[in-house]
Amino acid sequence: MRAGPAAVAAAVIALAAAAAAVLPTGDAPARDPLRAAAPAAPAPGAAAPAPCTDPEASLRPAGGADGPAVQRIKARGRLIAGVDQNSYRWGYRNPADGELSGFDIDLVRALAKDILGDPGKVTYLAIPTSRRISALQTGKVDIVARTMTITCDRVRQVAFSTAYFESGQQVMVPKGSPVTAFDDSLRGKKVCTAEGSTAEIKVREEPHGSSLLTVPNQLDCLVRLQLGEVDAVVNDRALAAGQAAQDPSVQLVGKPFTTEPYGVAMNLADTDLVRRVNKVLEDYRGGGAASLWMKAYDKWLAADLKGITAPPAPKYRD
């Protein structure tokens, strides 16, 4: 069973509009002259990295004088944030006003307000899933706030804040599909994931007899599902729930089968910025049901991701 022509047309139009509106990624902006160089690759024969036992443990918030990364942002007068503009509820372009909106966008605005005194002093760059790490390493962006899961592999390449949300991978299929979960019901089916995502890694590790198609962004998978080009999508439940809310012809099946803590990502050299972001997150989470975090959850996510009563507790390694 597939979505009708109207739903497919709407999806294709939405994808085309998103592509037309996408902010520069590959060629612009040029490397920020105020940006500190990314750390060099380890020299041949260097000691192996320490074992990763708790990737969610970040640097403890610190007050006092601004470090070089925060000073760089203040000197520029704008925070450059890598975001998504195609993930409903998280980071998407609101058709009513053309503005970027969502849970991640609210968090970026809170960071800009703390560092620059104005939540509007942000330059947003729409970054494909597969370019999030390189955008940080080359200095195109100061932060990435784009439903990015904290993993051991990634903490060797970029720095993360403490987790600000926790999700899990789940399977999305057309209603009436014989696929029932992330299991052998996927045998012989074509599965779509975003390139560079934790979903891609999981499907490659455990294909359950399926074949894999990777695309630049999660929304591309939804379109291919609607067009009948794939049989299932594996994605973070938090993102898939928003897509299912947009298209009633698809549904989530089975249970989440991974744990996906989202963090704000930064360059490894920007330790002062990591501590500053964690300070903002401490304030963002504080206040219980009246916290800014809960207000953002109620506004953007509660309709599709019910039953969440608090943000994840922060973990620190120092």
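1. How many cavities of 30 Å³ or more does the count come to? The count comes to one, in a structure that is a predicted model, where local features need pLDDT of at least 70, side-chain atom pairs count only at pLDDT 80 or more, and totals for chains, interfaces and linings use all residues. Residues are numbered from 1 along each chain as its sequence is written, and side-chain values use heavy atoms, with hydrogens and water left out.

2. The largest cavity (a set of points on a 1 Å grid over the protein atoms alone where a 1.4 Å probe fits but cannot get out) has a volume of about 80 Å³. That volume is the space filled by probe spheres set on the points, which are joined across faces, edges and corners. Of its 13 lining residues (an atom within 4 Å of a point), Thr147, Ser197, Thr198, Gln218 and Asp236 are the closest to the centre.

3. Helix H6 (198-205) and strand S12 (232-236) are the elements that give two or more residues to this lining; helices (H or I, at least four residues) and strands (E, at least two) are DSSP runs numbered from the N terminus. The lining of the largest cavity comprises two nonpolar, eight polar and three charged residues. Here Ala, Val, Leu, Ile, Met, Phe, Trp, Tyr, Cys and Pro count as nonpolar, Asp, Glu, Lys and Arg as charged, and the others, Gly among them, as polar.

4. The contact of H3 with H9 (heavy atoms within 4.5 Å) involves Asp106, Leu107, Ala110, Leu111, Asp114 and Ile115 in H3, which meet Leu273, Arg276, Val277, Lys279, Val280, Leu281 and Tyr284 in H9. The residues of this contact divide into nine nonpolar, no polar and four charged.

Notes
On a 1 Å grid over the protein atoms alone, a cavity is a set of points where a 1.4 Å probe fits but cannot get out, and a pocket is an open set with protein on both sides within 12 Å along at least five of seven lines; lining residues have an atom within 4 Å of a point.
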